[in-house]
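Got the viewer open? Keep the selection box handy, and we'll walk through this one stop at a time.

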Amino acid sequence: MSLGDQLSKILGRVQTQMETTVRESIREVGHRMVDRSPVDSGKFINNWKGSEGSINTDTNSEPDKSGAASHASIDAVADNWTPGETVYITSSLPYAERIERGWSGGAPKGVVGLTATEFGDILQEQLRKAKNG
């Protein structure tokens, strides 16, 4: 195998590892946000939307205390993420900002900010997993 072929093989492996790291980091960040959401009626936890390129402002009127629809939305974005594209994980419910500021006893420290403080650790863990296969 030539040096060029060896370098191409290494580059391909590194690119795959980096894309896996980003996809799994998106998934982990989103899932933590969903899992930290207050569950009272099931409406807030069921209204996290993942999107790529622009913010998804849709809301879901169906309560679901499991957060399954939110997890599925985030997983779909993570699975289909394109390198170079921006990913958004948002809740467009009118009271989402109040929840982030501690309004709900179910999430007194908020959801997004708390998860954001863990992002470096999440990224490091996903990078380690991608390297180890």
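**The whole chain**

Color by secondary structure and follow the chain from its start: the pattern is α-β-α-β-α-α-α. That makes 5 helices and 2 strands. Keep in mind that this is a predicted model.

Zoom out for the overall dimensions. Along its principal axes, the C-alpha trace spans about 60 × 25 × 20 Å. The chain has 133 residues, and 36% of them count as buried. If you turn on a surface, you're looking at about 7,800 Å² of exposed area, with carbon and sulfur atoms supplying 52% of it. Contacts reach across the sequence too: among those with a separation of 6 or more, 70% are between residues 24 or more positions apart.

**Stop 1: helix α1**

Select residues 3–35, which is helix α1. Try the distance tool on its two end C-alpha atoms: they are 47 Å apart, in agreement with the 48 Å that 33 residues should span at 1.5 Å a residue.

Now show side chains at the early part of the helix. Leu3, Leu7, Ile10, Val14 and Met18 make a nonpolar surface patch of about 460 Å². Click on Ile10, a member of α1: its relative accessible area is 40%, so it counts as partly exposed.

Which residues of α1 are buried? Among them are Gln17, Thr21, Ser25, Ile26, Val29, Gly30, Met33 and Val34. The list also takes in charged side chains, including Glu19, Arg23 and Arg27. To see what covers the buried residues of α1, bring up β1 (48–52), α2, β2, α4 (112–117) and α5, since the packing is against these.

**Stop 2: the salt bridges around Arg27**

The structure holds 9 salt bridges. Center on Arg27, which at 15% relative accessibility counts as buried. One partner is Glu24, with the closest N and O atoms 3.1 Å apart. Glu24 and Arg27 sit 3 residues apart in helix α1, so about one helical turn separates them. Glu24 itself is partly exposed, with a relative accessible area of 29%.

Next, add Asp79 to the selection. Its side chain meets that of Arg27 in a salt bridge of 2.7 Å, N to O. Asp79 belongs to helix α2 and Arg27 to helix α1, so this pair ties together parts that are 52 residues apart in sequence. At 45% relative accessibility, Asp79 is partly exposed. Finally, include Asp75: salt bridges with shared partners join Glu24, Arg27, Asp75 and Asp79 into one network.

For another salt bridge, jump to Arg101 and Glu97, whose side chains meet at 2.7 Å, N to O. Both Arg101 and Glu97 are exposed.

**Stop 3: the loop into β2**

Select Glu85, in the loop between α2 (68–80) and β2 (87–91). Leaving aside residues up to four places away in sequence, Glu85 touches Glu52 and Gly53. With 40% relative accessibility, Glu85 counts as partly exposed. Draw a line from Glu85 to Thr117 as well: the two are 32 residues apart in sequence, and their C-alpha atoms are 22 Å apart.

Then move to Val87, in strand β2. What does Val87 touch, not counting residues up to four places away in sequence? Show Ile26, Ser51, Glu52, Val77 and Trp81 to see those contacts. Ile26 is 61 residues away from Val87 in sequence, but C-alpha to C-alpha the pair is 7.9 Å apart. Val87 counts as partly exposed, at 22% relative accessibility.

**Stop 4: helix α5**

Last selection: residues 119–132, helix α5. Its end C-alpha atoms are 20 Å apart, which agrees with the 20 Å that 14 residues should span at 1.5 Å a residue.

Show Ile122, Gln126 and Ala130, the buried residues of α5. Now look down the axis of α5: these buried residues fall within an arc of 65 degrees, so they line one face of the helix. What they pack against is α1, the helix from Stop 1. Spin the view around to the face turned away from the buried side of α5, where you'll find the exposed residues Asp121, Gln124, Lys131 and Asn132.

Finish on Gly133, just after α5, where the backbone takes a positive phi of about 75 degrees.

Notes
Residues are numbered from 1 along each chain as its sequence is written. This is a predicted model: local features need pLDDT of at least 70, side-chain atom pairs count only at pLDDT 80 or more; totals for chains, interfaces and linings use all residues. Side-chain values use heavy atoms; hydrogens and water are left out. Patches are made of residues with over 30% relative accessible area and no salt bridge: like charges are joined within 9 Å, nonpolar side chains (Val, Leu, Ile, Met, Phe, Trp, Tyr) within 5 Å. Accessible areas come from the Shrake-Rupley method with a 1.4 Å probe; for residues, only the protein chains shown count as cover. A salt bridge is a side-chain nitrogen of Lys or Arg within 4 Å of a carboxyl oxygen of Asp or Glu. Helices (H or I, at least four residues) and strands (E, at least two) are DSSP runs, numbered from the N terminus. Buried means under 20% relative accessible area, exposed over 50%, partly exposed in between (1.4 Å probe, protein chains only). The expected span of a helix is 1.5 Å times one less than its number of residues. The arc is that of the directions from the helix axis to the C-beta atoms. Contact means heavy atoms within 4.5 Å.
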